[in-house]
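The exercises below are meant to be worked through with the sequence and the coordinates open side by side. Try each task before reading its solution.

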Amino acid sequence: MEILLNHHLHTFSPSHPNQPPYPHHRTTTVRVHAVAGNAQKLIQSGTVVAILPMDAAAAINEGGYRLLDIRPEWEREKSRVAGSMHVPLFVQDMDNGPITLLKKWVHFGYIGLWTGQNFTMINPQFLDQVEKLVPDKSTKLLVACGEGLRSMMATSKLYNNGYTNLGWLAGGFNRAIEGDFPEVEGPEKLQYATIGGVSYYFLKLLLLLQAVGKNN
């Protein structure tokens, strides 16, 4: 199921040197899949602030947010924002029982081969690990993932655990363009870090053909 989330997203602009930065509002449409209903309500009500990638740097540098990357380790290794915190919401499922192995085989054949996704499970230590990194639950956290869906789930979990100043990176890193995050580390572009498997090689071929077309 897919919904269109029409919401007033916050943008952050420099203010007078003697005044704190203040958020501006604009209405935009972000396409998301229907996941956790509670997370959608939190974002639609403004309890969790939706922030576009183009406005994330201002939210961090001027709005006081700390960036929390909740992607799995293999996505973060490809590309990451310098200085961001990392606690994965999903981790690789290492269970090798017969039923799980069957699920993994099906997953690889239908999903993993094309997208490069590992068979995962919810990180049971997610909240504990966040609390160790950020014990002050009034801290402003901008929660981010690749497409924005997993981070929606994470904001719901964090809110229910007492974190009161949460932001959601609307659309995830996939919607970022060059320069949205000035300092990016890793061998890949931030917006391509979620892509893997055969799809990754198709992407590389497409980028190569586009480059050749421009040169010609």
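**Exercise 1.** How do the residues of the lining of the second largest pocket divide into nonpolar, polar and charged?

*Solution.* The model is a predicted one, and the pocket in question has a volume of about 240 Å³. Begin with the lining, which consists of 13 residues, and note that Ile 60, Asn 61, Val 81, Ala 82 and Gly 83 are those that lie nearest the centre of the pocket. Next, assign the lining residues to elements: helix H2 (53-61) and strand S4 (66-69) are the ones that give two or more residues, and the largest share, 3 residues, comes from H2. Finally, sort the lining by residue class, which yields 8 nonpolar, 3 polar and 2 charged residues.

**Exercise 2.** Describe the largest nonpolar core, and follow the contacts of Leu 68, one of the residues with the most contacts inside it.

*Solution.* The core has 25 residues, and Leu 68 shares its place among those with the most contacts with Ile 70, Phe 126 and Leu 158. Two or more residues each are given to this core by helices H1 (37-45), H5 (126-133) and H6 (149-160), and by strands S3 (48-51), S9 (141-144) and S10 (166-169). Leaving aside residues up to four places away in sequence, Leu 68 touches Met 85, His 86 and Val 87, then Val 130, then Leu 141, Leu 142, Val 143 and Ala 144, and also Leu 158. A second core, separate from this one, has 14 residues, including Ala 56, Tyr 65, Phe 173 and Ala 176.

**Exercise 3.** Which residues are joined into one network by salt bridges that share partners, and are Asp 69 and Arg 71 buried or exposed?

*Solution.* The whole structure holds 6 salt bridges. Take Asp 69 as the starting point: its side chain meets that of Arg 71 at 2.7 Å, N to O, and Arg 76 forms a salt bridge with Asp 69 as well, with the closest N and O atoms 3.1 Å apart. Now apply the cut-off for burial, which is under 20% relative accessible area. Asp 69, at 0%, is therefore buried, as is Arg 71 at 1%, and Arg 76, at 12%, also counts as buried.

For comparison, consider the pair Arg 80 and Glu 185, whose side chains meet at 3.5 Å, N to O. Arg 80 belongs to strand S5 (residues 80-81) and Glu 185 to strand S11 (residues 184-185), so that this pair links parts of the chain 105 residues apart. Arg 80 is partly exposed at 24%, and Glu 185 is partly exposed at 37%. The network made by shared partners comprises Asp 69, Arg 71 and Arg 76.

Technical notes
Residues numbered from 1 in each chain as written. Predicted model: local features only at pLDDT ≥ 70, side-chain atom pairs only at ≥ 80, totals over all residues. Heavy atoms only, no water. Core = buried A, V, L, I, M, F, W, Y, C linked by side-chain atoms within 4.5 Å. Buried < 20%, exposed > 50% of the residue type's maximum accessible area, 1.4 Å probe, protein only. Helix = DSSP H or I, 4+ residues; strand = E, 2+ residues; numbered from the N terminus. Contact = heavy atoms within 4.5 Å. 1 Å grid on protein atoms, 1.4 Å probe; cavity = no way out; pocket = protein on both sides within 12 Å on 5 of 7 lines; lining within 4 Å. Points joined across faces, edges and corners; volume = space filled by probe spheres on them. Nonpolar A, V, L, I, M, F, W, Y, C, P; charged D, E, K, R; others polar. Salt bridge = Lys/Arg side-chain N within 4 Å of Asp/Glu carboxyl O.
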